[in-house]
Amino acid sequence: MTFQSVILQVPTTRAAWEYVYSLYSYFGVACGVVTFAIIFYFCARYRSKIETSLSPLDPRTRENRDSKWKGVALIYLLMAIVLITVGSQSIATYNAMSTVPDSPNTLHINVIAHQFAWTFVYPNGFTSEDLAVVPTNTIVVFNVTSRDVYHQFGIPYFRVKTDAIPGRVNQVWIETTDAGNFTVQCFELCGVGHATMIGTLSIVDPATFSQWYASTSPGGI
Ligand SMILES: [Cu+2]
């Protein structure tokens with residue numbers, strides 16, 4: 001399965017980053033199995049046997065060493081395959097996730113981090129503390145900044161995170177699917193209240209969202 005087909009079939013940030021995570025996991029486990037197999041094989045094959053050990057000056061030692069280049073070349077080839085695969089797939093995923101998908105169905109929300117809460121500002125000027133309500137099956141773009149110190153805005157379920165820095169706007173996007181409540185959290189130590197800097201992303205069906213959004217007004221309900 002290629003990276004492109006994963007992205008096109010399940011175009012969510014969660015699916016894309018899960019794909020990279022599983023790639024690293026599979027290659028990590030495979031490398032571990034191969035490495036330990038080689039270690040155990042060499043331990044058994046070349047264990048110390050006083051009666052048959054060769055002196056470093058024995059010509060057979062030299063012969064052995066010279067015939068190992070094929071094994072070394074194979075190990076380098078395997079390492080190159082692993083590094084090129086995970087590296088290229090990571091970069092492709094990062095680039096794909098850095099680009100906000102072009103969709104007419106996009107909701108932009110400004111996020112202002114401050115000690116120790118999140119302020120969400122909707123397109124109509126409505127602001128909400130620690131609660132963002134969004135509809136299902138929508139691309140939601142968060143424009144993230146801070147009004148005091150460095151914070152980091154993250155929604156673990158969607159596998160997205162970005163720095164919240166005063167004077168700068170960083171974007172992350174998600175594609176909502178099912179309804180539910182998801183944790184929004186600060187991921188950068190920002191002061192004594194950092195651990196309590198937790199908000200909620202509430203995903204509701206579009207009809208409920210429209211009704212709720214129509215009842216909001218600039219500044220608050
Ligand atoms: Cu913070």
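Accessible areas here come from the Shrake-Rupley method with a 1.4 Å probe.

**View 1. The protein chain as a whole, in a predicted model.** By that method, the protein chain exposes about 13,600 Å², of which carbon and sulfur atoms supply 63%. The secondary structure of the chain comes to five helices and 10 strands, and 34% of its 221 residues count as buried. Where contacts in the protein chain join residues at least 6 apart in sequence, 66% of them are between residues at least 24 apart.

**View 2. The copper ion and its protein donors.** Lying 2.1 to 2.7 Å from the copper ion, the protein donors are the ND1 atom of His151, the SG atoms of Cys186 and Cys190, and the SD atom of Met197. Because the four donor atoms subtend angles of 86 to 128 degrees around the copper ion, and four donors count as tetrahedral if all angles lie between 85 and 135 degrees, the arrangement is tetrahedral.

**View 3. The donor residues along the sequence.** The residues that supply donors to the copper ion follow the spacing H-x34-C-x3-C-x6-M. Within this set, His151 and Cys190 link distant parts of the chain, being 39 residues apart: His151 belongs to strand β6 (residues 151–155), whereas Cys190 sits in the loop between β9 (180–186) and β10 (198–204).

**View 4. Burial of His151 and Cys190.** With a relative accessible area of 0%, His151 is buried; Cys190, for which the relative accessible area is 6%, is buried as well, since buried means under 20% relative accessible area.

Terms used:
Residues are numbered from 1 along each chain as its sequence is written. This is a predicted model: local features need pLDDT of at least 70, side-chain atom pairs count only at pLDDT 80 or more; totals for chains, interfaces and linings use all residues. Side-chain values use heavy atoms; hydrogens and water are left out. Helices (H or I, at least four residues) and strands (E, at least two) are DSSP runs, numbered from the N terminus. Buried means under 20% relative accessible area, exposed over 50%, partly exposed in between (1.4 Å probe, protein chains only). Contact means heavy atoms within 4.5 Å. Donors are N, O and S atoms within 2.8 Å of the metal (3.2 Å for Na, K and Ca); water is not among the atoms, so sites may look incomplete. Four donors count as tetrahedral if all angles lie between 85 and 135 degrees; four count as square planar and six as octahedral if opposite donors are over 155 degrees apart and all others between 65 and 115; anything else is irregular.
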